[in-house]
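I opened this notebook to record what I looked up about helix packing and the contact between chains. The structure comes first, and my entries follow.

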Amino acid sequence: MAQPLVKKDDDRDDEADYSPFLGIEKGAVLQEARVFNDPQLDPRRCSQVITKLLYLLNQGETFTKVEATEVFFSVTKLFQSRDIGLRRMVYVMIKELSPSADEVIIVTSSLMKDMTSKTDMYRANAIRVLCRITDGTLLTQIERYLKQAIVDKNPVVASAALVSGIHLLQTNPEIVKRWSNEVQEAVQSRAALVQFHALALLHQIRQNDRLAVNKLVTSLTRGSVRSPLAQCLLIRYTSQVIRESANNTQTGDRPFYDFLEGCLRHKAEMVIFEAARAITELNGVTSRELTPAITVLQLFLSSSKPVLRFAAVRTLNKVAMTHPMAVTNCNIDMESLISDQNRSIATLAITTLLKTGNESSVDRLMKQITNFMSDIADEFKIVVVEAIRSLCLKFPLKHRSLMNFLSNILREEGGFEYKKAIVDSIVILIRDIPEAKESGLLHLCEFIEDCEFTYLSTQILHFLGIEGPKTSDPSKYIRYIYNRVHLENATVRAGAVSTLAKFGAMVDALKPRIFVLLRRCLFDNDDEVRDRATLYLNTLGGDGAVVETGEDVKEFLFGSLDIPLVNLENSLKNYELSEESFDIDSVPKEVKTQPLAEKKAPGKKPTGLSAPPTGPPSTVDAYERLLSSIPEFANFGKLFKSSAPVELTEAETEYAVNVVKHIFDGHVVFQFNCTNTIPEQLLENVTVIVDASEAEEFAEVATKPLRSLPYDSPGQTFVAFEKPEGVSAVGKFSNMLRFIVKEVDPSTGEAEEDGVEDEYQLEDLEVVAADYMLKVGVSNFRNAWESMGADCERVDEYGLGPRDSLAEAVNAVINLLGMQPCEVSIQCLFFFGIYAVDMDMHFTFTFLTALHWTVKYHVVNCFFTAIPV
Amino acid sequence: MELCPSVKNILLLDSEGKRIAVKYYSDDWPTNSAKEAFEKAVFTKTQKTNARTEAEITMFDNYVVVYKFVQDLHFFVTGGENENEIILATVLQGFFDAVGNLLRGTVDKKEALENLDLILLCLDEIVDGGIVLETDANVITGKVASHSIDAGAPLSEQTISQALATAREHFTRSLLK
């Protein structure tokens with residue numbers, strides 16, 4: 001094919017475009033590396049070979065263990081040469097090879113000699129190399145030199161030692177912490193970067209000591225820090241101090257605000273920007289505090305440097321989310337950025353304008369955006385679509401023009417993610433703005449006429465099935481849906497059949513016509529399509545008689561599955577074929593909260609979609625197995641819920657204890673997880689004495705002591721209480737850890753014969769309402785809610801107190817009530833949970849308005865015998 | 001937020017997106033293929049932009065990337081999503097200017113590859129393990145270009161050519177300043 005020809009061209013190009021590394025090969029270079037062993041070293045040649053080796057590594061080539069060792073040993077020979085250039089390459093090479101501990105010993109003495117050399121460049125680099133490759137044992141030997149180097153009068157040497165200190169603090173904190181005096185001296189250095197590195201290290205040494213950090217910030221904000229980088233650091237530390245002290249000083253001026261404001265007049269742009277950003281991120285920042293920061297950011301907007309414009313518009317974009325009014329002053333500058341060469345800047349400007357715009361400017365803005373959309377990439381378009389969605393929710397009266405815009409861009413070219421964002425937006429608008437419903441549904445119908453994405457087609461068909469029957473004229477959607485049965489692939493056809501059936505079930509008048517259509521589907525060439533058609537025809541009574549479809553049939557066909565799919569999948573995997581049929585009620589309903597970090601950055605780390613859900617393998621299962629293995633607790637029935645561990649000791653105390661609360665129908669079991677952190681002690685007969693005098697409804701029934709608790713291997717002890725059945729009893733318990741302590745000889749590891757009885761006070765523990773609440777996810781909150789009926793609803797209001805943000809309010813509700821947040825709408829949050837009282841099922845919904853921070857809760861009290869707890 | 005300003009990687013690519021010299025300071029890209037994928041993505045994303053007079057900037061996969069091009073060389077500096085953009089731009093400018101100094105005005109791929117040792121040393125002097133070491137291009141150039149014999153070595157050990165080389169280096173250094 002054309003391949004060889006192209007190759008030839010490439011070669012010719014390469015000739016013209018000569019590279020010294022053309023045709024380089026690992027084997028040959030490794031051979032060349034033998035020159036390192038020559039008795040008469042040629043520094044220039046050796047440098048060249050090292051460069052070649054580094055080139056190979058840089059291109060992604062890897063050396064085998066043997067090769068790396070060989071290269072390393074020959075490179076160490078080069079310490080004989082006094083050529084500085086070569087020595088520099090040797091340093092870089094050693095760092096790249098990252099030798100193992102037994103190899104490090106070979107170069108240690110050479111590097112230690114360089115560390116005490118008269119040549120500054122040797123000292124600085126030897127420190128960096130040695131600290132990179134060394135382990136803790138060697139560190140104590142060179143500590144003295146490092147301390148000296150920190151206060152070395154050559155700034156390069158001092159910086160090298162300080163930066164190495166920052167890295168070493170991660171692995172050998174106790175050693176680096178001893179250097180604080182020297183580091184403190186270096187903070188006063190005249191050299192800008194030494195000051196920066198010293199400040200970074202000093203702060204890291206003291207970061208756990210809030211008072212010391214406070215003192216550091218107080219003293220430095222008064223003096224003058226010379227380096228712009230150090231000043232940026234100081235601004236970050238200052239905002240941290242402000243954040244942490246915010247709760248104590250609610251009244252009066254914010255401490256250190258003047259310092260931040262002063263930095264806005266610094267001569268370095270990085271400092272100005274850092275300060276402006278810090279001010280905008282202050283908790284509960286007032287508009288008076290914001291003004292000076294916004295002013296400097298506004299100046300940046302018209303800078304000739306793209307980086308400054310980007311930084312400013314990105315920060316203002318964030319401010320616009322919480323303080324749209326503060327940013328309106330910049331609107332004129334923002335509008336001129338729409339035509340910015342850098343499309344990231346233009347997109348940020350547009351979305352900021354969409355957030356700050358008022359109702360009257362929407363139309364003008366939309367006109368500008370329409371021109372803009374044609375020349376940006378999909379990823380930017382998605383950002384714009386999302387901004388338009390929130391604008392529409394903010395100004396529902398403008399839904400007509402915004403919906404038209406969305407439908408127009410839906411018809412244009414675009415990738416899946418982009419189209420999905422548009423469809424999602426239309427769906428949300430239909431749900432939240434009743435007037436937009438009919439036109440939105442028709443836009444979606446038109447879209448599926450010519451949609452290349454199966455996923456989107458099925459989603460829209462499903463949505464039509466839910467919303468279509470509720471409109472004034474459901475029949476007009478049927479044509480669009482039935483067209484799909486003719487023209488699409490099997491997946492979409494099956495989806496269309498289900499949607500048709502839904503119309504049939506919900507709208508009695510349409511039934512006969514739907515049945516005609518469904519019967520035609522019986523001849524489809526795909527199994528699934530035929531199966532679905534048959535199922536619907538039979539359950540909905542397709543034998544010709546027009547009957548009203550029963551509630552139970554609807555529930556069976558279209559009811560939501562109130563079990564998380566992950567749990568169902570796990571249960572099905574564990575299910576073994578036997579006489580017993582699979583019982584769907586045995587599937588746990590609790591939603592496993594994923595680690596927050598994972599949710600925040602989807603796809604950032606290559607976790608892989610196929611990877612099994614991480615986290616402890618189904619903690620509920622593990623607890624259940626553990627508890628049922630203890631005879632005392634075996635007759636307590638089925639475990640309803642286990643709480644997350646609650647710490648009963650401070651961090652870094654002699655004994656670490658946390659408790660897990662297991663809730664049963666008539667009992668509560670406390671599982672105390674204890675860890676002994678003293679190597680010289682062995683604890684025996686460990687129990688926790690729980691005083692329930694402040695928890696009247698509870699009566700202790702059993703304790704299970706822990707026979708022995710050696711150093712650093714956690715163990716559990718249990719205490720069980722009886723509580724009135726079906727009552728969500730709450731109360732406070734005070735706890736005392738009691739045990740027999742035996743001394744352990746650290747050299748032999750043997751414990752002494754005799755022990756002493758001792759006690760250790762633990763913190764109190766509480767059983768609260770949230771412990772009786774099971775997090776349950778529902779796929780469609782509104783459907784679940786509406787299916788409850790109004791007669792079983794209570795409405796009440798509780799104040800949540802002042803909260804800084806919606807996210808914080810949500811957390812407060814989760815902590816208080818232990819429910820699962822399901823949906824976030826314009827100003828409402830919906831929670832869902834199952835409440836265990838008397839084994840009746842109570843669905844509890846919480847409705848939270850962001851404006852007033854009050855909780856209205858609707859308790860829906862319906863009896864569900866089908867769902868056991 | 002990361003308290004100490006940190007650099008995730010520094011890349012020097014050619015006009016086809018191939019590596020000339022790269023240095024990663026973060027574990028975000030554990031394998032070589034992950035690194036190559038990142039480089040390819042960054043290159044394609046920035047290829048069509050004009051970053052020849054002023055440094056340009058973009059957001060990418062929760063990273064901030066600042067970049068600048070000259071001839072057939074593409075310079076990139078990457079930081080975390082919350083990093084101060086201007087600090088990253090300062091690092092980029094330091095790297096860019098230092099390479100310009102070291103290649104004595106002829107800044108292109110051929111010259112860069114022929115002086116790859118200087119570029120690798122330059123990377124080594126700018127950032128150490130993600131922490132900014134130096135951003136002043138002249139200081140960086142000075143540290144990299146001090147290609148002389150160990151000052152502590154007796155003069156007799158220097159050959160004539162080495163002595164000449166030393167003299168030349170001193171000369172160029174004083175010119176560069």
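At roughly what angle do the axes of helix α18 of chain A and helix α2 of chain B cross? I kept in mind that this is a predicted model, and I found that the axes of α18(A), residues 306-322, and α2(B), residues 85-102, come within 9 Å and cross at roughly 160 degrees. Since angles over 145 degrees count as roughly antiparallel, I therefore entered α18(A) and α2(B) as roughly antiparallel to each other, and I noted the crossing as right-handed.

I then looked up the residues that meet there: V307(A), L308(A), F310(A), A311(A) and R314(A) come from α18(A), while E85(B), I86(B) and A89(B) come from α2(B). By class, this contact has 6 nonpolar, no polar and 2 charged residues. R314(A) and E85(B) form a salt bridge, with their closest N and O atoms 2.8 Å apart.

Next I turned to the interface of chain A and chain B as a whole, where the rule finds 10 salt bridges. The two chains bury about 5,400 Å² between them, and 56% of that area lies on carbon and sulfur atoms.

My last entry concerns a pair within chain A, helix α8 (residues 136-150) and helix α9 (residues 155-171), whose axes come within 8 Å and cross at roughly 135 degrees. These two helices are therefore oblique to each other, and their crossing is left-handed. From α8(A), L139(A), L146(A), A149(A) and I150(A) meet V157(A), A158(A), A161(A), L162(A) and L168(A) of α9(A), and the residues of this contact divide into 9 nonpolar, no polar and no charged.

Definitions and conventions: Residues numbered from 1 in each chain as written. Chains lettered and ligands numbered in written order. Predicted model: local features only at pLDDT ≥ 70, side-chain atom pairs only at ≥ 80, totals over all residues. Heavy atoms only, no water. Axes fitted to C-alpha atoms, helices over the stretch in contact; angles between N-to-C directions. Helix = DSSP H or I, 4+ residues; strand = E, 2+ residues; numbered from the N terminus. Parallel < 35°, antiparallel > 145°, perpendicular 65-115°, else oblique. Left-handed = near helix turned anticlockwise from the far one by under 90°. Contact = heavy atoms within 4.5 Å. Nonpolar A, V, L, I, M, F, W, Y, C, P; charged D, E, K, R; others polar. Buried area = accessible area lost by both parts, 1.4 Å probe. Salt bridge = Lys/Arg side-chain N within 4 Å of Asp/Glu carboxyl O.
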